[in-house]
Amino acid sequence: MMGGGMGGRSKYGSPNPKVEEELKRPRRGILLRLGKYLWQMKWFLLLALGLTIGGNTFSLLGPTLSGKAIDCIGTQAGGVDFAGVRHYALLMVLFYLVSAIMSYFLSVTMVYVSRRVTLRMRSDLFNHIADMPVGFFDTHPVGDVISRIFYDIDTINTSLSTDVVSILASFITIFGSLMMMLRLSSMLVLVFVITIPLSILITRFITTRTNPLFRLRSRKMGELNDFVEEKISGMKTLKAYHQEGSVTGQLDALNSEVVQAYYKSEYYSSITGPSVSFVNNLSLSLISVFGGLLYMSGGVQIGGLAIAGMTIGGISSFIMYSRKFAGPINEIANIFGELQSALAAADRVFSLLDAPLESADAPDAVTLADVRGDVEMKDVSFGYEPGRLILKHLNLRGRSGNLIAIVGPTGAGKTTLINLLMRFYDINDGQITVDDHDIRHITRKSLRGAYSMVLQDTWLFSGTIYENIAYARPDATREEVIEAAKAAKIHHYIMSLPQGYDTVITDDGANISKGQKQLMTIARAMLVNAHMLILDEATSNVDTRTEVQIQQAMRRLMRDKTCFVVAHRLSTIKNADLILVVRGGNVVESGTHRELMAKGGFYREMYDAQFH
């Protein structure tokens, strides 16, 4: 879009200091911001907590009942206490059934919570993006932004709906199992004094090394999305230059980086589970050995401390509780990798949410009303990068009702000039006024509402032709839309379609030609009752005869209003009230076509180059 000099994005995969800094960002702040989103659903989270405690409590009673049932075997001289076994078995079935029902409703609740949180997060992110300056999108890959909106937020959604529940349930299970084991035998619990710290150390050691890998993985995925979006949008050019093989090679290289990032993050995080599982199995072995000794000895005396023996049922219950105690620890270790991925995704989302918005209107900003269309640039200098000016001490004046043409070689600053008029960027020095008001002291909404703009890059959305033309004026009548289409010389083509104005345009107008798309965007601009019109190479895809007709129609529609036209075909601007010749960031010549031709300067050279 820019005339040149703006900071472009780096090559795929090249080091980016901002990104490298992002990979080192602490997790505490990310968790706090996620917590703020979760707090908005506090009542549902309270319900989820109640269901988690209730479900795990009923589940934790199962091993105790199992041990009692085992102890009912052989309690009578003649055999088994079947009544006792049946009683405890039925209670186990009932408790486990209630636990399963609570777990089901817990899952439903957390899915609802995660959906609401990600809906709010995606809405906040898109609303934030809508208020960001145009310059951000000129310097940031679109694919990476899209990746954050969809892939990263979906990753957060998956983690909230499953991992958060699992971790919450695991902590409750760990605490409940520990209490039950202490009740059965405090001696055997000492086994975990060795194994639990060992599990924590292993988990911490691995996760501190995998966290940057998951952030790198999310960034690489964003780069891949941007690459694919860029190449698919330019598929015609790609095929025209027979670059399929080259692009495939680039994709393979970038895809290999993504796969490698995925592999490293998953590989190192997957070590956690087996390592913790080994420690847990070691604790089970020790419990079985020492539990058997307590059963056979009937208890031991250590100094003045008497340690009671254990029954077979008690040992069985303890082992089951130890598995419930160790299992969640192992599960937490396994899902910690997924949490790392979710935190990395959240970091990317929040970094985009932290990107600066378009600066607020000045406190004394006025609303532009009763616009005449007098536009003036006074000694304006501007550059996209500090110390690198595109426009230098530029001066121009457009009076109400003038058709002002802006011409010049590529990179001269023509489009940059248009961006400054719309205040997509703020100037470095000088002043731009509309009706004698400095545009920095005019509200952006009223300033941009005073213009109607048509760019060389046409944009149509999925919808009917009528909806596309009436985009800026949803309340426009069909008659007004048809009148604008006729003025833009597109009405006849629309009526030749089977559904006419109700024809649905898909995929950015892929089912119609570029010239027809451009005429529709011109009709859209004509429909808006703006006081000033900007055409930035807007008729480059139509023939010269049609372009002249469109400009004649615009002159009728824009009577008493100001019109800025950036044009390459000099034959179409012969009737302009004022032609500004921009070269090297300065207006080097100005005047009518006749006056500039008579001067025999740079404009004459450009004109002769086109027609001789």
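Contact here means heavy atoms within 4.5 Å. That cut-off underlies the packing described below for this predicted model.

Start with the whole chain. It has 21 helices and 16 strands. Of its 612 residues, 47% are buried. Many contacts span long stretches of sequence: among those between residues at least 6 apart, 78% join residues at least 24 apart.

Turn to the C-terminal helix H21, residues 602–611. Its buried residues are Phe 602, Tyr 603, Met 606 and Tyr 607. Seen down the axis of H21, these residues fall within an arc of 140°, so they line one face of the helix. The face turned away from that buried side carries the exposed residues Glu 605 and Ala 609. What do the buried residues of H21 pack against? Their partners are strand E7 (403–407), strand E15 (578–583), strand E16 (586–591) and helix H20 (593–599).

Three of those partners, E7, E15 and E16, belong to an open sheet of six strands. The order is E10-E13-E14-E7-E15-E16, and the pairing is mixed. E10 and E16 stand at the edges with a single partner strand each, so one side of each is left without a neighbour in the sheet. On average, neighbouring strands of this sheet are turned by 15° against each other, direction ignored. Within the sheet, E7 and E15 run parallel and are joined by four bridges. Ala 405 stands opposite Ile 579 in E15.

Two helices can be placed on this sheet. H18 lies across E10 and strand E13 (532–536), and runs at about 175° to E10. H21 packs on the sheet as well, touching E7, E15 and E16. The direction of H21 makes about 90° with that of E15.

Look next at the E10 edge. Ser 452 sits in strand E10, residues 451–455. Is Ser 452 buried or exposed? Its relative accessibility is 5%, under the 20% limit, so Ser 452 counts as buried. The side chain of Ser 452 reaches the backbone oxygen of Ala 525 at 2.9 Å. Beyond its neighbours within four places in sequence, Ser 452 is in contact with Ala 525, Val 528, Ala 530, Met 532, Leu 533 and Ile 534.

Helix H18 spans residues 514–527. Gln 516 lies in this helix. Setting aside neighbours within four places in sequence, Gln 516 is in contact with Ile 490 and Tyr 493. The Tyr 493 contact has a polar component: the two side chains make a polar contact at 3.2 Å. The C-alpha atoms of Gln 516 and Ile 494 are separated by 9.3 Å, with these positions 22 residues apart along the chain as the spacing.

A second sheet comes next. It is open, has four strands and pairs them antiparallel in the order E6-E5-E8-E9. Strand E6 (391–398) and strand E9 (437–438) stand at the edges, each with a single partner strand, so one side of each is left without a neighbour in the sheet. Strand E5 (residues 375–382) is joined to E6 by five bridges, and the two run antiparallel. In E6, Leu 396 is the bridge partner of Met 377. Helix H13 (residues 414–421) packs on this sheet. H13 touches E5, E6 and strand E8 (429–434), and its direction makes about 115° with that of E5.

Now move to the helices earlier in the chain. The axes of H3 (residues 42–71) and H6 (residues 142–184) come within 9 Å. They cross at roughly 35°, and the crossing is right-handed. Which residues make the contact? H3 contributes Leu 49, Thr 52, Ile 53, Asn 56, Leu 60, Leu 61 and Thr 64. H6 contributes Leu 168, Ala 169, Ile 172, Thr 173, Gly 176, Ser 177, Met 180 and Arg 183.

Finish with helix H4, residues 82–130, where His 128 is found. His 128 has a relative accessible area of 12%, under the 20% limit, so this residue is buried. The side chain of His 128 reaches the backbone oxygen of Leu 353 at 3.1 Å. Leaving aside neighbours within four places in sequence, His 128 is in contact with Leu 352, Leu 353, Asp 354, Ala 355 and Leu 357.

Methods
Residues are numbered from 1 along each chain as its sequence is written. This is a predicted model: local features need pLDDT of at least 70, side-chain atom pairs count only at pLDDT 80 or more; totals for chains, interfaces and linings use all residues. Side-chain values use heavy atoms; hydrogens and water are left out. A polar contact is a pair of N or O atoms within 3.5 Å; within protein, one must be able to donate a hydrogen and the other to accept it, and residues adjacent in sequence count only if both atoms are side-chain atoms. Two strands pair if DSSP finds at least two bridges between them. Axes are lines fitted to C-alpha atoms, for helices over the stretch in contact, and angles run from 0 to 180 degrees between N-to-C directions. Buried means under 20% relative accessible area, exposed over 50%, partly exposed in between (1.4 Å probe, protein chains only). The arc is that of the directions from the helix axis to the C-beta atoms. A crossing is left-handed if the near helix is turned anticlockwise from the far one by less than a right angle, and right-handed if clockwise.
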